[in-house]
Every structure is written in C-alpha cells, then in structure tokens.
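Student: Could you take me through one part of this model in close detail? I'd like to look at how the strands are arranged, and then at whatever packs around them.

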Amino acid sequence: MEKIDYKNLEATNLICRSSKAYIYKLKNGDILKIFHPFILDLYKKSNLRLEEKITSAKPFKNVPEIIVPKISVYDDNQFIGYTCKEATGIDYNSYDDTLSENEFHNLNRYAKEYEKLEDIIKRGNKEKIVFPDFCTCDNIFIDKKGNFSLIDYDGLQIGDFITPVLSSSLGNQEQYNCFKYQKNNLFTPELDKKSLITLYFLSAFNIDINKAGTLNPITREIVTLDDIFEMIGLDDYDVQNKVWKLFQDNKQNEFLGEDVFRIAENYDLLAIPIAKNAYIKRLIKK
C-alpha cells in the first residue's frame, strides 16, 4: 500500500469528529481518517496491530461494498490514519428522514434491504470478515438505487486482526463473552446474525430486541421477548424462535432469510405518531 506524509495532503474541510478520529474531505474527493493519539496508543498497548491491518488492506473482490483503505498516512514516520474513497449516498441513520409515508410503511422494502445486507454479511463471512460494529448505522451508506456500502474498515474484524469495537446497539457487552460469540478474542459470525436481526427490528419496527432482560422503567418489571413480540404484534413462531436463539449460549443463530418476505406478505405495518419524529410501529395481520 502507498504511504504518504500528512503534510502532503490537502484537506478541504472537517466532515466530523468523534471520540475515535477526525474525518476530513480531501481535495481529490477522497476521505481522510486521522485517529486520535490516545486511540493509537490504546491499540499499541493492546497489541492490536492497527497499522499492519491498514497497510495490508486490499479490496475484497467478492465484497465490493466494503470501502477499503487506499493510502496509509504518517506524521514524521508515525502511523496516524488512512485515506479511502468516499461512500455514495447517505448513512442509514439519515435515510429514514428521506422516506415517503408509503415507503415508511412498506414491509416489502424493509425485506429487500434486509436481504441485501444479509447477502453482504454472508459474502463477508466467507472472506473471514466479521462486522462487530454493523448495527452502528452511521457506518452503513445507501444510495438512490438502494445499493449499500460499508465504511469504518478499521472497525471490522479481518482474519485474525482483533478489533475492540462492538456496536452499543447490541446491548450489554458482557453477554458476548462466551464461546458462541467469541473465541480466542475473535468474534464469531454468530454475532453478525444477531446484528442483522437487531438492525431489521430497529429499522422496520423501531424496536430494540436487546431490551429483553432489562428493567422497564415504567412497570419496574423485566422486559421479555414475549413483551416485545406482543408490543409489535408479531405472532410468527419461526421468527420468534430465531430471535430467542440469539440470547441462548448453546443455540446456533440463524439468518432470517425468506422470513422477512413472509412477514411482508402476512402483515401490514401501522406507524402511530407519539411525538415529533417518534412512532410506535405495529404489525396488523392481513
């Protein structure tokens, strides 16, 4: 991989700043990601080989949706970041705001988007890629044609490159300290199946399945999966069972696959506004 000194790059503007890095737009249209010094120090102390992971990056022929680093960036011979091409479209968080009322209620649209994302994950797993931060929707981009691209390469688990990143949308992280989800400090593909289902429920039904097992602040009772299914009106046993398996250490997870199209065929989706830009979504049997 080509290496370049930071001083030789021309940044036009700062796009965003997070607790992890600064993201700039370069004059040539590419993106520049500069890690915070304490993040680089954390990786070094943990022997997580971030520099090696970036400098050894190559495009994935079978997973072109992953945006891969192009050039590694240095400051006085110290690795500080990388450049990559810019993702097309908008991030998945912003995407909801662009939907028409019909699109917002269209279960078939959610099914088709899930199908595409599941396909990306399956192809990625074959390349020994795991996506621990998949549920962070800022890292998923969708264009006007419905094509997806994934950014934040450094957060991916590539081969035996360990990543400390795990999406907060997956709930309490301690539950993943088991052989089902983690072996030799590497996440297993079982995590991706849970991420996919979590994201589908979040996007289609505006419901977080990882609230199961937590305390309901209103009723002061523990939220169960049955509570969640009842709340959204889901009585499809096959889907319920696949969600249940996600929380069992001794059960292998499954992809939803064609289940999402069966849901679209058997239910209508009702969205009840409760506040500005806030809805309760509920399935109504056809």
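Tutor: Sure, let's start with the sheet that has 6 strands: it is open, its pairing is mixed, and the order runs β1-β5-β6-β4-β3-β2. Keep in mind that we're looking at a predicted model. At the edges sit β1 and β2, each of which pairs on one side only. If you ignore direction, neighbouring strands in this sheet are turned against each other by 30° on average.

Now go to the β2 edge. Strand β2 (residues 11-17) runs antiparallel to strand β3 (residues 21-26), and 5 bridges join the two. They make a hairpin, with 3 residues between the strands. For a specific pair to click on, take cysteine 16, whose bridge partner in β3 is isoleucine 23.

Further into the order you'll find another antiparallel pair: strand β4 (residues 31-35) is joined to strand β6 (residues 78-84) by 4 bridges. Here leucine 32 stands opposite threonine 83 in β6.

Hang on to leucine 32, as it leads to a residue outside the strands. Tyrosine 6 lies in the loop between β1 (2-5) and β2. Setting aside neighbours within four places in sequence, tyrosine 6 is in contact with Leu32, Ile34, Val73, Tyr74 and Ile80. One of those, tyrosine 74, is 68 residues away along the chain, yet its C-alpha atom is separated from that of tyrosine 6 by 5.7 Å. So is tyrosine 6 buried or exposed? Its relative accessibility is 34%, so tyrosine 6 counts as partly exposed.

Next, look at the sheet of 3 strands. This one is open too, with antiparallel pairing and the order β7-β9-β10. Its edge strands are β7 (90-91) and β10 (148-150), each pairing on one side only. Between β7 and strand β9 (residues 140-142) the pairing is antiparallel and covers 2 bridges. Across that pairing, aspartate 91 stands opposite phenylalanine 141 in β9. Helix α5 (residues 107-126) packs on this sheet, where it touches β9 and β10, and its direction makes about 40° with that of β10.

From α5 you can step on to a pair of helices. The axes of α5 and α9 come within 8 Å and cross at roughly 175°. That angle is over 145, so α5 is roughly antiparallel to α9. On the α5 side, Leu107, Asn108, Ala111, Lys112, Tyr114 and Glu115 take part, meeting Val260, Phe261, Ile263 and Ala264 in α9. Sorted by class, this contact has 7 nonpolar, 1 polar and 2 charged residues.

Helix α9 (residues 259-266) has another partner as well: helix α8 (residues 237-245), with axes that come within 10 Å and cross at roughly 140°. These helices are therefore oblique to each other, and α8 passes α9 in a left-handed crossing. The residues that meet are Asp238, Val239 and Lys242 in α8 and Asp259, Arg262 and Ile263 in α9. By class, the contact of α8 with α9 divides into 2 nonpolar, no polar and 4 charged residues. Notice that Ile263 is named in both helix contacts: it meets residues of α5 and also residues of α8.

Notes. Residues are numbered from 1 along each chain as its sequence is written. This is a predicted model: local features need pLDDT of at least 70, side-chain atom pairs count only at pLDDT 80 or more; totals for chains, interfaces and linings use all residues. Side-chain values use heavy atoms; hydrogens and water are left out. Axes are lines fitted to C-alpha atoms, for helices over the stretch in contact, and angles run from 0 to 180 degrees between N-to-C directions. Angles under 35 degrees count as roughly parallel, over 145 as roughly antiparallel, 65 to 115 as roughly perpendicular and the rest as oblique. A crossing is left-handed if the near helix is turned anticlockwise from the far one by less than a right angle, and right-handed if clockwise. Contact means heavy atoms within 4.5 Å. Ala, Val, Leu, Ile, Met, Phe, Trp, Tyr, Cys and Pro count as nonpolar, Asp, Glu, Lys and Arg as charged, and the others, Gly among them, as polar. Two strands pair if DSSP finds at least two bridges between them. Buried means under 20% relative accessible area, exposed over 50%, partly exposed in between (1.4 Å probe, protein chains only).
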